[in-house]
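Visitor: I'd like a close look at a single part of this protein, the place where two of the helices meet. Could you walk me through that spot?

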Amino acid sequence: MTDIERKTGMTDAECEQLDNYYTENNFEPGQNLLELGVKPGFAHNILLINELDKEAAEYLFLKSKEFHKTKIEIINELIREKIAVGA
């Protein structure tokens with residue numbers, strides 16, 4: 001048993017196959033935050049936003065810029081409106 005097999009539980013051939021797969025194929029774990037306007041180093045501010053669908057996230061970003069409020073303030077206002085109308 002090789003050192004890699006002991007550490008990973010996979011053979012050298014399996015490790016090589018996975019290495020080739022991820023080298024040749026792009027891997028995107030989620031939304032591209034740069035496309036959503038998130039600057040590097042500010043991702044912690046939008047972790048909740050990453051859970052939204054694309055249209056909801058874009059709406060939230062637009063309203064945030066339009067009203068000069070944080071995204072959480074916009075979300076709170078939307079929820080309060082729903083509560084006020086009894087929805």
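Guide: First, a word on terms: helices (H or I, at least four residues) and strands (E, at least two) are DSSP runs, numbered from the N terminus. By that count the protein has four helices and zero strands, in the order α-α-α-α from the N terminus on. Mind that this is a predicted model, where local features need pLDDT of at least 70 and side-chain atom pairs count only at pLDDT 80 or more, while totals for chains, interfaces and linings use all residues. Residues are numbered from 1 along each chain as its sequence is written, and side-chain values use heavy atoms, leaving out hydrogens and water.

Now to your spot, helix H3 (residues 54–67) and helix H4 (residues 71–84): their axes (lines fitted to C-alpha atoms, for helices over the stretch in contact, with angles from 0 to 180 degrees between N-to-C directions) come within 9 Å and cross at roughly 105°. That makes H3 roughly perpendicular to H4, a label for angles of 65 to 115 degrees. On the H3 side, the contact (heavy atoms within 4.5 Å) is made by Tyr59, Leu60, Phe61, Lys63, Ser64 and Phe67. H4 brings Lys71, Ile74, Ile75 and Leu78. Sorted by class, that's seven nonpolar, one polar and two charged residues; Leu, Ile, Phe and Tyr are among those counted as nonpolar, Lys among the charged, and Ser falls with the others, as polar.

How far does the predictor trust this? Going by pLDDT (its confidence in each residue, from 0 to 100), H4 has the highest mean among the elements, 90, and helix H1 (residues 3–8) the lowest, 76. For the protein, the mean is 80.

Terms used: Angles under 35 degrees count as roughly parallel, over 145 as roughly antiparallel, 65 to 115 as roughly perpendicular and the rest as oblique. pLDDT is the predictor's confidence in each residue, from 0 to 100.
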